[in-house]
Amino acid sequence: MEISTEAKLEPFLQWLQVNKVELRGCKIKYSDESKGFGIFSSNEFSDGVLLVVPLDLAITPMRVLQDPLIGPECRAMFEDGEVDDRFLMILFLTVERLRKNSSWKPYLDMLPTTFGNPLWFTDDELLELKGTTLYRATELQKQNLLTLYDDKVKDLVKKLLVLDGDSESEVSFEDFLWANSIFWTRALNIPLPHSYVFPQNQEDLNKYDSINNSAELSNDHNSRGELINGLNDIKNEAQRVNSQVNGATSTLTSTQGETLWIEGLVPGIDFCNHDLKAAATWEVDGTGLITGVPFSMYLLSVERSSFHSEKEISISYGNKGNEELLYLYGFVIDNNPDDYLMIHYPAEAIHSIPLSDSKALLLEEQAQLRCLLPKSLLEHGFFAAGHPKDGNNDNKLEVDRISSFSWSGQRRMPSYLNKLVFPENFLTALRTIAMQEDEISKVSSLLEELVGSGGERQPSDAEVRAAVWETCGDSGALQLLVDLLQAKLTELEESSGMEDYDSELLLKSCITESQGQHASCENNSSEETNGWTQHKMSRKTWSSIVYRRGQKELALLFLKEAEHALQLALTEGN
């Protein structure tokens, strides 16, 4: 560990102690170049509660609005609807980073100064992502952040620093980008009682009622609206909850009997790194019955036996694919079991297809134009390696589809039904897009039989899906799906070569953690080892190759599934 790193740690530990943070069965120390600091087990006795942090220490929108320096300015903007709760916290981090006498300095000094997510890539590193969803998403997001910085953040931060008596400090886009990355990599979704979030004074309660609306939005699975284009759909369809721990629970009680979910940073807890097999979870103790500290967040061991001393204590950020992990957190997992492929039919292309107006109406009612294809779907497909993990899942899938498909019973049930891995809503969209004119008329007639020509009621989604399938079958949709997957694969391969090429690069890779650092394999970097030459690359480049290889692998596998399903559909007249 570097001396400078040790020098940061001691003031931070003192700062935690002053702020009544209790390290009961753990300690914070430097992990490695890729992770930074982490939380490790100690020899001290623990009842499973490893770390306790009073929630008063958390950086939340309420704290920002109550801050004596930036609170008044932020309240005015917030009440006028100019900014949201996340912007408040990112602005707070930007200002506190630049303040000369910030009370948050021991904490901020411990945080990373650069990140592995694509917003921090060089132009050359970003080119490694060309052809992927992340490439365009990163370009657009960085431009959005630059616009926000120029239009609002730059002058506002300068104004706030002057109010603090500092007319010399200069704010840069990198300061804002840093604060943005700190928020998105470390924020948790914290369950808090209504009485804790809002003042009891009714006038103040009304004044900050907009936070209530924002908090409710933050708990929605469609949150994190700053990610753009394809990444929005990744978040929504993956049903991401901003909590970084699956199944995080709360023992909160509230006089109103209501729990609100508020995003925030919790110093101490946020030094837990990710692992697929989490050693701990975080929970909230509203009463103090568990920790002895009311309104606190604590780290709880999931292992019954005691930890080995010096073992790193990890949490799980959730079941996330490499696309999401790289974009938000700046790391990937090789052979990630939760990886997925996103495919979509471009919405703008609807206008150029025959009968676009009629099809657009059907699509608006009951279908989606993009979907996620998790790797786990392949376990139930035509080419699954071994038997599916849950046989009951296949039965449920078949029953669900039969209930949708047997609307009139005229079309024979396909033999491949329980092996078709693609989401039904997406297939319905593709069936609609591929429809011929006579098929649209037939769908309308079938639905009229159900709801009446006078439109006494609207057909349900299931009824629309059934009528579309009854009329169109599967072959048109599956051919369109094959085309989409082939286009996805072609775009990936034309930008960075085939999957085998990426595999070879990774096999020969030698990761240099930072520029100018001596790599562990440096002595071999220009020599042949086992018949091949090692190639030095940055961790960002390595992460990009792991991610894009996974995308190519999934595109190939799902293309194989779609082609086989198409062949069967044509054979069976579907």
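## Rings, cores and a few odd spots

Colleague: I'm new to this one. Are Trp15 and Trp104 buried or exposed?

Modeller: Trp15 and Trp104 are both buried. Keep in mind that this is a predicted model.

Colleague: Okay. How many aromatic pairs does the structure hold?

Modeller: There are 19 aromatic pairs in the structure. Take Phe12 and Phe271 as one of them: their centres are 5.3 Å apart, with 55° between the planes, and the pair is tilted.

Colleague: Which parts does that pair tie together?

Modeller: Phe12 is in helix H1 (residues 3-18), while Phe271 is in the loop between strand S6 (259-264) and strand S7 (280-285), so the pair links parts that are 259 residues apart in sequence. Phe12 and Phe271 are both buried.

Colleague: Back to the tryptophans, then. How are the rings of Trp15 and Trp104 set?

Modeller: Their centres are 5.6 Å apart and the planes stand at 55°, so this pair is tilted. Trp15 belongs to helix H1 and Trp104 to the loop between helix H4 (85-98) and helix H5 (105-110), so parts 89 residues apart in sequence are tied together here.

Colleague: Which residues form the aromatic cluster?

Modeller: One cluster is made of Phe12, Trp15, Tyr30, Phe37, Phe92, Trp104, Tyr107 and Phe271.

Colleague: Tyr107 caught my eye. What is Tyr107 in contact with?

Modeller: If you leave aside neighbours within four places in sequence, Tyr107 is in contact with Phe12, Trp15, Ile59, Arg186, Leu265, Pro267, Asp270 and Phe271. The largest nonpolar core has 99 residues, and Tyr107 and Leu299 touch the most other members. Helix H7 (residues 133-163) gives that core its largest share, 10 residues. Another core, of 31 residues, lies apart from it, with Tyr345, Leu373, Leu420 and Phe422 among them.

Colleague: New topic: charges. Where does the charged end of Arg97 sit?

Modeller: It sits over the ring of Trp178, 4.5 Å from the centre of that ring. In a similar vein, the charged end of Lys152 sits over the ring of Phe87, 5.9 Å from its centre.

Colleague: And sheets? What is the order of strands in the open sheet of 4 strands?

Modeller: The order is S1-S4-S8-S7, with antiparallel pairing. Strand S1 (22-23) and S7 are at the edges with a single partner strand each, so one side of each has no neighbour in the sheet.

Colleague: How many bridges join S1 to strand S4?

Modeller: S1 and S4 (residues 49-54) are joined by 2 bridges and run antiparallel. Glu22 stands opposite Val52 in S4.

Colleague: How many residues of helix H16 are buried?

Modeller: Helix H16 (residues 424-433) has 9 of its 10 residues buried, so it is mostly covered. The buried ones include Phe426, Leu427 and Arg431.

Colleague: Last thing: what is the phi of Lys20?

Modeller: Lys20 has a positive phi of about 65°, although it is not a glycine. Most residues other than glycine have a negative phi. Lys20 is placed in the loop between H1 and S1, and its relative accessibility of 64% makes it count as exposed.

Colleague: What about Asn335, buried or exposed?

Modeller: Asn335 is exposed, at 57% relative accessible area. Asn335 has a positive phi too, about 55°, and its place is in the loop between helix H13 (322-328) and strand S9 (340-344).

Key. Residues are numbered from 1 along each chain as its sequence is written. This is a predicted model: local features need pLDDT of at least 70, side-chain atom pairs count only at pLDDT 80 or more; totals for chains, interfaces and linings use all residues. Side-chain values use heavy atoms; hydrogens and water are left out. Rings of Phe, Tyr and Trp (its six-membered ring) pair if their centres lie within 6.5 Å; planes under 30 degrees apart count as stacked, over 60 as edge-to-face and the rest as tilted. Buried means under 20% relative accessible area, exposed over 50%, partly exposed in between (1.4 Å probe, protein chains only). A charge sits over a ring if NZ of Lys or CZ of Arg is within 6 Å of the ring centre and within 35 degrees of the ring normal. Two strands pair if DSSP finds at least two bridges between them. A nonpolar core is a set of buried Ala, Val, Leu, Ile, Met, Phe, Trp, Tyr and Cys residues joined through side-chain atoms within 4.5 Å. Contact means heavy atoms within 4.5 Å.
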